[in-house]
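Student: I'd like to learn how to read helices in a model like this one. Can we go through it together?

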Amino acid sequence: MLTVLFMIMMIVVFGKIFGFALRATWGITKIIFSIVLLPLFLVALVFMGLIWIAFPVLLVIGIVSLFACRS
């Protein structure tokens, strides 16, 4: 009986740890994309001569971030 209780509690504890790890990973992924990859993508577009694509993308991202980051 103690073994079954131990197994159930172990699943609960490691399930919560797994959920926390997924939330932490999602946060780190958002930071990497928004701080590292997006500016590199926009700079690459400008260097390839596609400023007509990069500028509207930058405007849309700027407007969204202006209204979304109200804390």
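Student: What should the 46 residues of α1 span, at 1.5 Å a residue?

Tutor: This is a predicted model, by the way. The idea is to multiply the rise by one less than the number of residues. For α1 that gives an expected 68 Å, and its end C-alpha atoms sit 65 Å apart, which agrees.

Student: Where does α1 bend, and by how much?

Tutor: Look at Phe 33: α1 bends there by about 35 degrees.

Student: And what follows α1?

Tutor: Gly 49 does, with a positive phi near 85 degrees.

Student: How do I read the directions of α1 and α2 relative to each other?

Tutor: Take the angle between the axes; over 145 degrees counts as roughly antiparallel. Here helix α1 (residues 2-47) and helix α2 (residues 51-68) cross at roughly 150 degrees, with axes coming within 8 Å. The two are therefore roughly antiparallel, and the crossing is left-handed.

Student: Which residues meet where α1 contacts α2?

Tutor: From α1, you'll find Leu 38, Leu 42, Leu 45 and Val 46; they meet Ile 51, Ile 53, Ala 54, Val 57, Leu 58 and Ile 61 in α2.

Student: How do the residues of that contact divide into nonpolar, polar and charged?

Tutor: There are 10 nonpolar residues, no polar ones and no charged ones.

Technical notes
Residues numbered from 1 in each chain as written. Predicted model: local features only at pLDDT ≥ 70, side-chain atom pairs only at ≥ 80, totals over all residues. Heavy atoms only, no water. Axes fitted to C-alpha atoms, helices over the stretch in contact; angles between N-to-C directions. Helix = DSSP H or I, 4+ residues; strand = E, 2+ residues; numbered from the N terminus. Parallel < 35°, antiparallel > 145°, perpendicular 65-115°, else oblique. Left-handed = near helix turned anticlockwise from the far one by under 90°. Contact = heavy atoms within 4.5 Å. Nonpolar A, V, L, I, M, F, W, Y, C, P; charged D, E, K, R; others polar. Bend = angle between axes of the 7 residues up to and from the residue.
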